[in-house]
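Here is a friendly walk through one protein model, with a few stops at its rings, helices and backbone. Keep the viewer open and follow along.

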Amino acid sequence: MTSQPTHVPHTHDDSSRLHGEYKVPGGKLVVVDLDVVDGRFSRVSLSGDFFLEPDEALEDINRALTGLPENSAAADIAAAVTAGLPRDAALFGFSAGAVAVAVRRALSKATGWADHQWEIIPPTVLPTQVNVALDEVLTAEVGAGQRNPTLRFWDWEEPSVVIGSFQSVRNEVDPDGVSRQGISVVRRISGGGAMFMEAGNCITYSLYLPQTLVDGISFADSYAFLDAWVMAALEKLGITAFYVPLNDIATDQGKIGGAAQKRLANGGMLHHVTMSYDIDADKMVDVLRIGKEKLSDKGTRSAKKRVDPLRRQTGLARSEIIDVMKDVFVERYGAMESRLTEGELEAARKRVDEKFGTEEWLNRVP
């Protein structure tokens, strides 16, 4: 298996013509056709179903791109587009950054979802420390080309709190509450906030991908881009969800989940999401200090008995919701079911012993 891009530039009238497309999340399609002559862009042609005023601005963009070095970074391409536009130009449904992504895709520097063979690992009950360690193992494998890009659903039995890579243990977790509730505390490699996890109380998944998939897309925009399929799955379930920058998934009834990311030096990337299914909020507040702080800010002494947006809004079992999510991912990206190998599980257990199960890692931010 390999996670290397399978993208081959499309050919048109001649074999040297390069073609790239990018669908802006919630926006329009941006298409770029170009040649590369002596290491620079030539015969650049921008098109798409976007809106642009004035009409002449289209040629301004083409001129701005013409002559740029073929090794131009996405930021440089976007800057050239912005500089080439007249001051009164109005872009609707796309941006200079979107043009840069389309150009990079034409050059095979950036990839799209369809350029990869995706796999899905269904929920597998594992200790929380092993789940966290697998995130590091599988992200590294995808970056090294040893595994196809993969979507993995977590499952677990023991009650846990999983804190973000940069969170302080003492600031986030109440040791007395942890002791009372029999909670294990684990630190993950991605940033973001703490997750209170009991068996069946939330839906958690990890997406392991090559960073080429988000090449040219801003850090902030990459969250919504990588979770577009989740929004479609929630809509299929009757839930209208949206992203609240930077990393919260919400409905008009409030937050239902949050995302976190980690990018490795070898080109692999982790995108991790947890959504509330049916959480005992009183227990969560007993364990997490941040829960108490949020409640005190609202002048409330006790949380509601349960935080259950997905269960309440769908009326479905957790397993049924996961099945819909898997189906949508397969429909969109042609993913095939996969499994964890013994080698991957062994590597994860080793990392638990050497890193994720150690006091040094847990308390690296006391």
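Let us begin in helix α7, which covers residues 219-226. Phenylalanine 219 and tyrosine 223 are four residues apart in this helix, so about one helical turn separates them. Please keep in mind that this is a predicted model, and that every value quoted below is computed from it. The ring centres of phenylalanine 219 and tyrosine 223 lie 5.6 Å apart and the ring planes meet at 80°; because planes over 60 degrees apart count as edge-to-face, this pair falls in that class. How buried or exposed is each partner? Phenylalanine 219 is partly exposed, with a relative accessibility of 42%. Tyrosine 223, at 4%, is buried, because the cut-off for that class is under 20%.

That pair introduces a wider topic, the aromatic rings. The structure holds 14 aromatic pairs. One of them joins tryptophan 113 and tyrosine 333, whose ring centres are 4.1 Å apart with planes at 10°, so this pair is stacked. Which parts of the chain does the pair link? Tryptophan 113 sits in the loop between α3 and β6 (119-125), while tyrosine 333 belongs to helix α12 (residues 318-333). These are distant parts of the chain, 220 residues apart. Both ends of the stack are buried: tryptophan 113 has a relative accessibility of 11%, and tyrosine 333 has a relative accessible area of 14%. The two residues also belong to one aromatic cluster, formed by Tyr22, Trp113, Trp118, Phe153, Tyr205, Phe225, Trp229, Phe329 and Tyr333.

Rings also meet charges here. Arginine 318 lies over the face of tryptophan 156, at 5.3 Å from the ring centre. Tryptophan 156 is also among the residues touched by glutamate 198, together with Pro159, Asp280 and Lys283, when residues up to four places away in sequence are not counted. You will find glutamate 198 in the loop between β10 (195-197) and β11 (202-210). Is this glutamate 198 buried or exposed? With a relative accessible area of 16%, glutamate 198 is buried. A second ring with a charge over its face is that of tryptophan 361, where lysine 355 lies 4.5 Å from the ring centre.

Lysine 355 leads us on to a helix pair, since this residue is part of the contact that α13 makes with α4. Helix α4 (residues 128-143) and helix α13 (residues 342-356) pack at an angle of about 115°, and their axes are 8 Å apart. Their crossing is right-handed. On the α4 side, the contact is made by Gln129, Val130, Val132, Ala133, Leu134, Glu136, Val137, Leu138 and Glu141. On the α13 side, the contributors are Glu344, Leu345, Ala347, Ala348, Arg349, Arg351, Val352, Lys355 and Phe356. Sorted by class, this contact has 11 nonpolar, one polar and six charged residues.

Now turn to helix α1 (residues 57-65). Which of its residues are buried? They are Ala57, Asp60, Ile61, Asn62, Ala64 and Leu65. The cover over these buried residues includes two strands, β3 (40-48) and β4 (51-53), and two helices, α2 (74-84) and α3 (96-106). The backbone on either side of α1 deserves a look too. In the loop between β4 and α1 lies proline 54, and the peptide bond leading to it from glutamate 53 is cis, with omega near -5°. Just after α1, glycine 67 takes a positive phi of about 95°.

The backbone has further details to check in your viewer. Another cis peptide bond runs from proline 245 to leucine 246, with omega near 5°; leucine 246 is in the loop between β12 (242-244) and β13 (248-251). Positive phi values also occur at residues that are not glycine. Arginine 43, in strand β3, has a positive phi of about 50°, and with a relative accessible area of 47% this residue is partly exposed. Serine 108, in the loop between α3 and β6, has a positive phi of about 65°. Serine 108 also counts as partly exposed, at 29% relative accessibility. That loop is where tryptophan 113 sits as well, which brings us back to the stacked pair with tyrosine 333.

How values were computed:
Residues numbered from 1 in each chain as written. Predicted model: local features only at pLDDT ≥ 70, side-chain atom pairs only at ≥ 80, totals over all residues. Heavy atoms only, no water. Axes fitted to C-alpha atoms, helices over the stretch in contact; angles between N-to-C directions. Left-handed = near helix turned anticlockwise from the far one by under 90°. Contact = heavy atoms within 4.5 Å. Nonpolar A, V, L, I, M, F, W, Y, C, P; charged D, E, K, R; others polar. Buried < 20%, exposed > 50% of the residue type's maximum accessible area, 1.4 Å probe, protein only. Phe/Tyr/Trp six-rings, centres within 6.5 Å; stacked < 30°, edge-to-face > 60°. Lys NZ or Arg CZ within 6 Å of the ring centre and 35° of its normal.
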